Number of protein chains: 2
Amino acid sequence: MTKARVTVIDIAKAAGVSKSTVSLVLQGSSLVNEGTRSKVNAVMRELGYVYNRGAANLRQAGAKSRIIGVVVNDLTNSFFAELAVGVDTVVQSAGFVQFLSNTSESIDRQREVVASMREHGISGLIVSPARATDAADFKPLVAAGIPVVVVVRNLPGAKVSSVVSDNQAGMMSAVNHLAELGHKRIAFLGGFPDTAVFDDRLAGYRSGMEAAGLDYHQEFVVSSAPSRAGGVEAIGKAIVLADKPTAAVCFNDAVAFGVCDGLRARRLEPGSDFAVVGFDDVIEAQAAVPALTTVSVDPQGIGRRGAQLLLKQINAGKAEAETVTTAVRLVVRESCGARKSVKSKQDSE
Amino acid sequence: MTKARVTVIDIAKAAGVSKSTVSLVLQGSSLVNEGTRSKVNAVMRELGYVYNRGAANLRQAGAKSRIIGVVVNDLTNSFFAELAVGVDTVVQSAGFVQFLSNTSESIDRQREVVASMREHGISGLIVSPARATDAADFKPLVAAGIPVVVVVRNLPGAKVSSVVSDNQAGMMSAVNHLAELGHKRIAFLGGFPDTAVFDDRLAGYRSGMEAAGLDYHQEFVVSSAPSRAGGVEAIGKAIVLADKPTAAVCFNDAVAFGVCDGLRARRLEPGSDFAVVGFDDVIEAQAAVPALTTVSVDPQGIGRRGAQLLLKQINAGKAEAETVTTAVRLVVRESCGARKSVKSKQDSE
DNA sequence: TGACATATTTGGAACGTTCCAAATATTTAA
DNA sequence: TTAAATATTTGGAACGTTCCAAATATGTCA
């Protein structure tokens, strides 16, 4: 390869100024004379100078690395990919770069990547925590003055900011919609009860039932893995109840798809024979058959909000824990039985 | 917050050794006495020491940062999200971290993020280039001894390694399948002719036609944006030809979906009235109606291969440009008319 | 025990930047 | 024309590590 790196000293020599002046130019200081500035810039271009951020960070105390760490629990899931894109958008336009890692729901992996990010001197962290993450896990970071924003899944007890969607309101509107369609026996299917998101969504379900003047029955709540397979399992348990439900709100879209599978296996057609509503509005929801009625949360929006919040804290130098909930909206498609027939024009974009 | 950073010197003092010894411990050198090592480790834990990689990189010439830059053109597309996950898997288990950025097909953005990554001292770069990327854009990197691996879209003329799927073979098998189903007039729809991928896929189409003993007609090749809208446009042009095609292979799945839309708008049912085959096997392909017959490429696999290749070059210290093509396979579903009716068991996984 | 080999430890001097206090140029005001 | 003010430039000394050459400890063999 080529020889050694070009440093500010090389530039200084070539431009006939001191390294301090070059540094000033690098930082866009107004102290330097226009003529000098352009000469220095010209030399830099000519010599192919590359700024060494590592060296700079070393001198400038901690928080100036301009790296934002982003940790998501499942990048394969387009919901989180969108989230990452949202973060990237604002992070990038603020002149930061993003360090993205995927934990695949592994808590160990999460610990590793966060440690690694810390070693690299991130100025802030956005994390969608892996399941069963200990609230104390991010203590050391905030203690070191590195702001942390938790997104999607909140971490009760952790003294960090968070951005979550309005799970409760979303579930309420789903239940409300089903009630308006005349359903009385509405089940809540899927999800692990040990998560904060589950609690929120369940609470929304309860208030929705209450608001619609319907009774809350313990046995209409069937938890399961928040996956397609979990959905199959959950509907299997719900459909054999003496007092069969006629509709279900699901913990998320994956569960909802599983519920549809399970219904079909029992010769019931989702939409016409049984109403199904999901949560998240993942990309497949509109292309599915029947198209899934679901609560749409805007993952890019969450990402952007989270990033904004984080940047604010980085700039403020002080991390006031703050919680923001982003709005959601019910998207009515076919699986709730409200609309028959083929996919609508609007949805197919 | 708390006071200053804990440094190697603090550790040394507290453990009663010299900073050099601490450094040795950090590097896991076999030179240090077991007893000393464990004492030092204990002190590090106790004081909450965090390794400062930036400082280390400063000393250790260039290529040791253990950061891999990953640049994709569209993270929203689950194809590329999967790719990133594939990369992350191997990168992470090799003890590197990944710096992921999204360019949204913007060449300027791409230039920015690559520059930024360089400043941060990446040890290598994996990139799925934005459309119309200049092959010379990565010259400076390789000149600086930073290995670059291009994935998915190759960059003819750039002296870098690449990992691409076997576009040609994939298209051939698609054409072959349609020919076996009895189609004689098969169109090639969608895609921008200025890309290498287009050339490859088109070449596959031509050889496929030839292999099946069918004539290649210039007017059966209709290019368009590689998007859903582009698909609508392309089928619109193809369906009005005097000698109407009865089937089409599409540049990618998005185009294929658009083609289906366009067919329906003309009261033709994809699958029964006209056979459609896509390329990529995006996640929506199996859930669509009709389920899309398509050429499945394994994006995670490409990511893994790319990462392996890159790590190999990093370790070798020498970047021998190398091209690997990964295998693809045709997934027969409904849109080609080979199978009627509802979705199969296998596909719904 | 002495001499040598082997195992362990250790002070600097880098690495490429930023910051500071101070030096030097250039203007301005009288 | 000169003093004071303002505009620009500048040598070190950090920052937290790794590397080197050399020092010190420990062990081995006659």
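These legends describe close-up views of a predicted model.

**View 1. The surface near DNA strand C.**
There are 28 residues around DNA strand C. Thr7(A), Ser23(A), Asn52(A), Ser18(B) and Thr36(B) come nearest to the strand. From chain A, α1 (8-15), α2 (19-26) and α4 (53-59) each supply at least two residues of this surface. From chain B, α2 (19-26) and α4 (53-59) each do so as well. By class, the surface near DNA strand C has 13 nonpolar, eleven polar and four charged residues.

**View 2. The surface near DNA strand D.**
Around DNA strand D there are 28 residues. The nearest are Ser18(A), Thr36(A), Thr7(B), Val8(B) and Ser23(B). Here α2 and α4 of chain A each give at least two residues. In chain B, α1 (8-15), α2 and α4 each give at least two. The surface near DNA strand D divides into 13 nonpolar, eleven polar and four charged residues.

**View 3. The annotated segment at residues 6-60 of chain A.**
An unreviewed UniProt entry places the feature "domain: HTH lacI-type" at residues 6-60 of chain A. Over residues 6-60 of chain A, the chain is 67% helix and 0% strand. The end C-alpha atoms of this segment are 21 Å apart.

**View 4. Ala56(B) in its helix.**
Ala56(B) sits in helix α4 of chain B. Is Ala56(B) buried or exposed? Ala56(B) counts as partly exposed, because it has 19 C-beta neighbours inside 10 Å, and buried status needs 20 or more. Lys13(B) is 43 residues away from Ala56(B) in sequence. In space, the two are 20 Å apart, C-alpha to C-alpha.

**View 5. The contact between chain A and chain B.**
The contact takes 43 residues from chain A and 42 residues from chain B. On the side of chain A that touches chain B, α4, α5 (78-93), β2 (97-102), α6 (107-119) and α7 (139-143) of chain A each supply at least two residues. That side of chain A has 19 nonpolar, 16 polar and eight charged residues.

**View 6. Domains of chain A.**
Chain A is divided into domain 1 (8-51), domain 2 (63-164 + 299-327) and domain 3 (167-297 + 330-348). The centres of domain 2 of chain A and domain 3 of chain A, taken over C-alpha atoms, are separated by 30 Å. Their contact takes nine residues from domain 2 of chain A and nine residues from domain 3 of chain A. On the side of domain 2 of chain A that touches domain 3 of chain A, the residues are five nonpolar, two polar and two charged.

**View 7. Leu189(A) in the nonpolar core.**
The largest nonpolar core has 176 residues. Which residues have the most contacts inside this core? They are Leu189(A) and Leu189(B). Leaving out residues up to four places away in sequence, Leu189(A) touches Val222(A), Gly231(A), Ala234(A), Ile235(A) and Ala238(A), among others. Its contacts also include Ala248(A), Cys250(A), Phe251(A), Val255(A) and Val259(A). In soluble globular proteins, nonpolar side chains tend to be buried together.

**View 8. Asp280 in both chains.**
Asp280(A) lies in strand β9 (residues 275-280) of chain A. Asp280(A) is not a glycine, yet has a positive phi of about 125°. Asp280(A) is buried, because it has 25 C-beta neighbours inside 10 Å. In chain B, Asp280(B) is found in strand β9 (residues 275-280). Asp280(B) has a positive phi of about 125°, although it is not a glycine. With 25 other C-beta atoms within 10 Å, Asp280(B) is buried.

**View 9. Gly262(B) and its contacts.**
Helix α11 (residues 253-265) of chain B holds Gly262(B). Why does Gly262(B) count as buried? Gly262(B) is buried because 24 other C-beta atoms lie within 10 Å. Not counting residues up to four places away in sequence, Gly262(B) touches Gly231(B), Val232(B), Ile235(B) and Gly236(B). Leu125(B) is 137 residues away along the chain, and its C-alpha atom is separated from that of Gly262(B) by 40 Å.

**View 10. Val331(A) and its contacts.**
Val331(A) lies in strand β12 (residues 329-331) of chain A. Val331(A) counts as partly exposed, with 18 C-beta neighbours inside 10 Å. Setting aside residues up to four places away in sequence, Val331(A) touches Asp281(A), Thr293(A), Thr294(A) and Ser296(A). The C-alpha atoms of Val331(A) and Val277(A) are separated by 9.4 Å. Along the chain, these two are 54 residues apart.

Definitions and conventions. Residues numbered from 1 in each chain as written. Chains lettered and ligands numbered in written order. Predicted model: local features only at pLDDT ≥ 70, side-chain atom pairs only at ≥ 80, totals over all residues. Near = placed C-beta within 6 Å. Helix = DSSP H or I, 4+ residues; strand = E, 2+ residues; numbered from the N terminus. Nonpolar A, V, L, I, M, F, W, Y, C, P; charged D, E, K, R; others polar. Core = buried A, V, L, I, M, F, W, Y, C linked by C-beta atoms within 7 Å. Buried ≥ 20, exposed ≤ 12 C-beta atoms within 10 Å, placed from the backbone. Contact = placed C-beta atoms within 7 Å. UniProt positions renumbered as here; feature names shortened; annotations may be inferred. Domains from an automatic or database assignment.
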